[in-house]
Amino acid sequence: MLALVSAAAAVVAVVGCSVIEDAGKSDTAKAKVGDCINVIEGSAVDSKTEPIDCSSEKAVYQVVQTYDTKTECAADYTSYEETLGDSTTAFLCLAPNFKEGSCYVDSMLTGYKHADCASTEATFKVVKRIDGQVDELLCGEDADKFITVDEPKVTFCLGSPTA
């Protein structure tokens, strides 16, 4: 069983497997620091995720830490846990990796997922991405919310998906 938990307490259970290396681990669980993750389908019971090129607008998360046991991630991060039976087989700490101009869904139950800006499911649009700085005051008038991440340092300025 796999779970993806955001700082906002979202929980996503994920199912996947691979037979060759790290038997029983999904491709997401085998991701390394610096790799990115796409949430294909969010669900509290059976979500689907996949590793994806970090330049893709669907690369919603970037792996910042990996562990073989359950660990506490920093508040800015989302955690991803994969278990087999009663033991953790992979635990990842993930930072948001939103693209400027793209829209996303923010769900308390399933975490973040890429969305078409014209769709009714989109809850926010990234109006500005500021790499290398953590300062919401840089967002300006176009943004009505923000997300900051300490490592890697980034500020996401958010607005309405229809803006």
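The questions and answers below cover the core, strand pairing and salt bridges of a predicted model.

Residues are numbered from 1 along each chain as its sequence is written, and side-chain values use heavy atoms, without hydrogens and water. In this predicted model, local features need pLDDT of at least 70 and side-chain atom pairs count only at pLDDT 80 or more, while totals for chains, interfaces and linings use all residues.

Biologist: Which strand gives the most to the largest nonpolar core?

Modeller: A nonpolar core is a set of buried Ala, Val, Leu, Ile, Met, Phe, Trp, Tyr and Cys residues joined through side-chain atoms within 4.5 Å. The largest one has 27 residues. Strands (DSSP runs of at least two residues, numbered from the N terminus) that each supply at least two of them include E3 (36-41), E10 (124-131) and E12 (154-159). With six residues, the top contributor is E7.

Biologist: How many bridges join E10 to E12?

Modeller: Strands pair if DSSP finds at least two bridges between them. E10 and E12 run antiparallel. Asp131 stands opposite Val154 in E12. The bridge count is six.

Biologist: How many residues apart in sequence are the parts tied by Lys70 and Glu81?

Modeller: The two form a salt bridge (Lys or Arg side-chain nitrogen within 4 Å of an Asp or Glu carboxyl oxygen), with closest N and O atoms 3.8 Å apart. Lys70 lies in the loop between E5 and E6, and Glu81 in strand E6, so the separation is eleven residues.

Biologist: Is Glu81 buried or exposed?

Modeller: Buried means under 20% relative accessible area, exposed over 50%, partly exposed in between (1.4 Å probe, protein chains only). Its partner Lys70 is exposed at 59%. Glu81 has a relative accessible area of 14%, so Glu81 is buried.

Technical notes. Helices (H or I, at least four residues) and strands (E, at least two) are DSSP runs, numbered from the N terminus.
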